[in-house]
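Work through the exercises below with the sequence and the structure open beside you. Try each task before reading its solution.

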Amino acid sequence: MVCDSGNSGNSDGMASQDSSWGSMRQTLGVDAFRITGGKPLLGEVRVSGAKNSVLKLMALSLLTQGRTQITSVPDILDVSIMSRLVTRLGARVEWERAEGILSIDVPEELEQRADYDLVRQMRASISVLGPLIARLGVADIALPGGDAIGSRGLDMHLAGLERMGAKVTSQHGYLLASAPERLKGASIWLDFPSVGATETLLMASVLAEGTTIIDNAAREPEIVDISHMLQEMGAQIDGVGTSTLIVDGVDELRPVTHETVSDRIVAGTWAVAAAMTCGDVSVRNANPHHLDIALDKLASAGAEVTHLPDGFRVRMEDRPRAVGIVTLPYPGFATDLQPQFIAMNAIAYGTAMVTENLFESRFKFVNELVRLGADVRTEAHHAIITGRESLSGAPVESHDIRAGASLVLAGLAAQGITTVTHVNHIDRGYANFVPDLQSLGADIERVSIVDPARVSG
Ligand code: UD1
């Protein structure tokens with residue numbers, strides 16, 4: 001436990017790196033974070049724009065011709081991948097990383113095909129489907145397949161497009177969608193408030209002929225952000241932020257400048273990190289109302305949570321108390337914060353049950369947490385976690401973005417050295433993670449491992 005433990009440890013077959021790690025990793029091998037646990041996080045951190053919004057804002061820039069500007073863009077790997085994809089489709093992208101400004105110049109003519117080499121790297125590539133079919137009347141998108149957290153179906157995206165008059169088939173690993181006559185407004189009921197399906201249908205319907213009603217739509221803040229940008233571009237959308245979206249199609253949209261909503265999952269990750277390390281962290285540029293349930297759970301765990309004019313502060317003085325959670329679509333508890341709360345429960349007083357309702361493989365990472373000494377049992381979509389007084393550092397592997405982040409949090413709270421490998425997953429969603437953690441006082445560095453199989457704690 002951070003509050004009452006001292007730590008020590010030594011190095012292990014890894015080369016310390018500076019900011020030139022990007023080129024070095026090509027030659028040296030797999031990147032890892034080496035963490036010496038036991039330091040409380042103290043200070044301030046600023047959150048950037050949301051990954052799960054900005055990727056869609058980039059995709060929807062394809063709905064119009066001309067220069068779109070997106071600000072508060074996080075410097076993460078997924079933005080690079082989406083930049084490559086929209087460039088492949090014919091747009092020109094300029095990214096001022098330090099300023100967080102991304103400009104996308106979209107020409108009159110666009111390509112219709114999103115290739116597998118990019119889609120397989122980032123499932124969110126599917127978000128170009130709606131804009132392409134709306135704008136070109138045709139789209140060929142590689143099927144993304146499942147990933148580390150689940151099978152991730154597309155049936156609701158496709159059924160909705162078919163209702164709007166599109167023909168959708170699949171061939172040789174590609175989805176072929178076409179609507180040569182322009183999409184037609186329709187009434188669509190989603191079986192489940194899917195984030196991706198709501199976005200695809202929203203982006204497809206803004207240029208459709210007539211009115212589209214999307215019922216049982218997802219209400220995530222990122223969908224509100226996408227809706228706002230579409231409205232600024234001239235789209236007619238009613239019911240933004242509710243589960244019924246009513247879209248009156250327009251003939252064309254215009255390019256705009258839009259600021260990305262702040263990343264509530266990154267903000268929530270900092271909140272849990274503060275609580276797990278008995279720290280005191282002010283999280284700036286964050287909207288605490290997007291995290292109401294998560295912050296309330298932290299308060300139940302014993303943290304002092306206060307709202308700030310531009311964010312919130314989390315302070316913890318003692319070992320957390322175990323808190324149960326159940327993941328649900330927004331405004332329910334976010335599945336993307338579930339791994340972080342499991343990590344916190346692993347060092348809490350008491351036992352908690354966590355129920356995952358969104359992704360069937362999201363408990364896979366628990367085996368890595370167990371390597372750090374956590375007591376977690378899983379049964380179908382439930383996990384029972386009995387808190388241990390402390391975890392003990394060990395080499396662990398990151399399988400996806402949020403699981404990777406939660407292993408880092410566990411490492412910060414563990415005794416001794418934890419090495420989290422395959423951090424390219426964490427890079428997909430967390431900008432500036434290691435420098436921000438260092439500025440809060442964490443003992444963490446980015447290293448490169450020549451042979452990950454030989455890592456020792
Ligand atoms: C998005 C987020 C992800 C977050 C999730 C839920 C991005 C890039 N990713 O993912 O970080 O965890 O929302 O908040 O924004 N499903 C179907 N058929 C469909 C659509 C979805 O069965 O047509 C299922 C999925 O397999 C999954 C569940 O519904 O089990 C939730 O999916 P969805 O809400 O669409 O999440 P994503 O958009 O994939």
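**Exercise 1. Decide how far helix 2 is covered, and list its buried residues.**

Solution. Begin with the extent of the element: helix 2 spans residues 51-60, and nine of its 10 residues are buried, so that the helix is mostly covered. Next, name the residues concerned, which are K51, S53, V54, L55, K56, L57, M58, A59 and L60. Keep in mind throughout that this is a predicted model. As background for reading such a list, an α-helix has 3.6 residues a turn, so residues three or four places apart point the same way.

**Exercise 2. Find out whether the radius of gyration of the protein agrees or disagrees with that of a compact globule.**

Solution. The first step is the expectation, because a compact globule with 457 residues would have a radius of gyration near 23 Å. The second step is the comparison: the protein has 22 Å, which agrees. For the outline, the C-alpha atoms fill a box of roughly 70 × 45 × 40 Å along the principal axes. Finally, consider the interior and the contacts: buried residues make up 56% of the 457 residues, and among contacts with a separation of 6 or more, 75% are accounted for by residues 24 or more positions apart.

**Exercise 3. State how the protein is divided into domains, and how many residues each domain gives to the contact.**

Solution. Start from the assignment, in which domain 1 consists of 5-47 + 262-456, while domain 2 consists of 51-259. The contact takes 24 residues from domain 1 and 21 residues from domain 2. Then take the centres of the two domains over C-alpha atoms, and they are found to be separated by 30 Å.

**Exercise 4. Classify L372 and L407 as buried or exposed, and list what each is in contact with.**

Solution. Locate L372 first, in the loop between helix 12 (366-371) and strand 21 (375-379). Its relative accessible area is 0%, and because buried means under 20%, L372 is buried. Leaving aside neighbours within four places in sequence, L372 is in contact with L391, S392, G393, A394, V396, A410 and T418.

Turn now to L407, which lies in helix 13 (residues 401-413) and likewise counts as buried, at 0% relative accessibility. With neighbours within four places again left aside, the contacts of L407 are E368, L369, V396, E397, S398 and V420. V396 appears in the contacts of L372 and also in those of L407. Between L407 and V396 there are 7.6 Å from C-alpha to C-alpha, at a distance of 11 residues in sequence.

**Exercise 5. Describe the surroundings of H290, and then state which form the peptide bond from Y330 to P331 takes.**

Solution. H290 lies in the loop between strand 16 (280-284) and helix 10 (292-300), and at 19% relative accessibility it counts as buried. Not counting residues up to four places away in sequence, H290 touches P221, V261, R264 and Y330. Follow the last of these to its peptide bond with P331, which is cis, with omega near 10 degrees. P331 is placed in the loop between strand 19 (325-326) and helix 11 (338-345).

**Exercise 6. Compare the phi values and the exposure of S72 and H422.**

Solution. Recall first that most residues other than glycine have a negative phi. S72, however, has a positive phi near 55 degrees, and phi of H422 is also positive and near 55 degrees. As for exposure, S72 counts as buried at 14% relative accessibility, whereas H422 counts as partly exposed at 24%.

Conventions: Residues are numbered from 1 along each chain as its sequence is written. This is a predicted model: local features need pLDDT of at least 70, side-chain atom pairs count only at pLDDT 80 or more; totals for chains, interfaces and linings use all residues. Side-chain values use heavy atoms; hydrogens and water are left out. The radius of gyration is taken over C-alpha atoms; the globule rule is 2.2 Å times the number of residues to the power 0.38. Buried means under 20% relative accessible area, exposed over 50%, partly exposed in between (1.4 Å probe, protein chains only). Contact means heavy atoms within 4.5 Å. Domain bounds come from an automatic or database domain assignment. Helices (H or I, at least four residues) and strands (E, at least two) are DSSP runs, numbered from the N terminus.
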